[in-house]
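Welcome! Here are some short exercises to work through with the structure in view, each followed by a solution in steps.

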Amino acid sequence: MRVTIMQPPYPAKGEAVKVLDWQIAQLNKLEQNSTDLVIFPENSNCTGYTDLADMKKLIGNEGAMFVDTVRHTAQRVNCSIMCGLENIDSNGVMRNQLTVFTPEGEEFSPYTKIHLVEPELAKGIEPGKEPISFVYKNIRFGAAICFDSYFPELFAEYAKQRIDVMIIVSHQRQERPDILEFLNRTRAFDCGCTLLRSAPAMPDPNVGGCSMAVAPDGKIIAHAGGVPGVICCEIDPAARFMRPASYGEPDRIGDYREVLMLSRQHTGNIEK
């Protein structure tokens, strides 16, 4: 599976439209059948905005133009595109969601951010209620958005759902790279599958950024560093961390996620 992960620049004050233009330019560079999956960060239709009225205005104008380009690019390139978007429904309710655009013209938002930060709650953004995996082209995906990454129980739930690929779209703008690497390598191991993360690059390359692809054993496959750019890599959605179930038992090689799930049941530590 060919994956393209976008790491756009984070805008200076009043320059959000420049970031939207950057994102559109990257979409326009994609050639037909050049990738299977493209990922954009959280708030990719309104990055950099804190004022609610300004955010909604951007979402309805330049942000809508970006989303329209995403929609057409998915069909033109013959790929699926997953974006972190602030979506506003017909009742005016805003939700921070992962939205999926397919080459067949489908558009759906399978995951809504559960763990909102205080500024989001102050804006009246509606939180999600539970993590539900989704299947597209026989691949089971899980999703998390930014602050969700700090809650290991979310990823334990996805492990129970036997996901194949974990998608994290983020807006983390003040964590050190070593923390982001540790956090996402751990979450890949928690889920027992490949993890793909997209986030913006900050003006200071020593914080934020770190869009990456991580293997089920926690090894980093591709890393965008701290500057704006695009990373491309090949992943195997069926990959798992395989190891002996116990020391001295080389013939019992298996999916380590399944070993952990079975052990949890045997010891009675399963959630009620």
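**Exercise 1.** Find out how many residues line the largest pocket and which of them lie nearest its centre.

*Solution.* Step 1: the lining of the largest pocket is made by 23 residues. A pocket here, on a 1 Å grid over the protein atoms alone, is an open set of points where a 1.4 Å probe fits, with protein on both sides within 12 Å along at least five of seven lines, and lining residues have an atom within 4 Å of a point.
Step 2: Val117, Pro119, Cys146, His171 and Arg173 lie nearest the centre of this pocket.
Step 3: sorted by class, the lining holds 9 nonpolar, 7 polar and 7 charged residues.
Step 4: the space in the largest pocket is about 480 Å³.

A word on the source: this is a predicted model, in which local features need pLDDT of at least 70 and side-chain atom pairs count only at pLDDT 80 or more, while totals for chains, interfaces and linings use all residues. Residues are numbered from 1 along each chain as its sequence is written, and side-chain values use heavy atoms, with hydrogens and water left out.

**Exercise 2.** Place Ser170: where does it lie, and is it buried or exposed?

*Solution.* Step 1: look in the loop between strand E8 (165-169) and helix H6 (177-191) for Ser170. Helices (at least four residues) and strands (at least two) are DSSP runs.
Step 2: with a relative accessible area of 0%, Ser170 is buried. Buried means under 20%, exposed over 50%, and partly exposed in between, using a 1.4 Å probe.
Step 3: the side chains of Ser170 and Gln172 share a polar contact of 2.7 Å (a pair of N or O atoms within 3.5 Å, one able to donate a hydrogen and the other to accept it).
Step 4: beyond four places in sequence, the contacts of Ser170 (heavy atoms within 4.5 Å) include Pro41, Glu42 and Cys146.

**Exercise 3.** Which parts of the chain does the salt bridge between Glu107 and Arg71 tie together?

*Solution.* Step 1: in the salt bridge of Glu107 and Arg71, the closest N and O atoms are 2.9 Å apart. A salt bridge is a side-chain nitrogen of Lys or Arg within 4 Å of a carboxyl oxygen of Asp or Glu.
Step 2: Glu107 sits in strand E5 and Arg71 in helix H3, so the pair ties together parts 36 residues apart in sequence.
Step 3: Glu107 is partly exposed at 41%, and Arg71 is partly exposed at 27%.

**Exercise 4.** Which residues are linked with Glu120 in a network of salt bridges?

*Solution.* Step 1: Glu120 and Lys113 meet in a salt bridge of 3.0 Å.
Step 2: Glu120 is buried at 8%, and Lys113 is buried at 2%.
Step 3: the network links Glu42, Lys113 and Glu120.

Notes
Grid points are joined across faces, edges and corners, and a volume is the space filled by probe spheres set on the points. Ala, Val, Leu, Ile, Met, Phe, Trp, Tyr, Cys and Pro count as nonpolar, Asp, Glu, Lys and Arg as charged, and the others, Gly among them, as polar.
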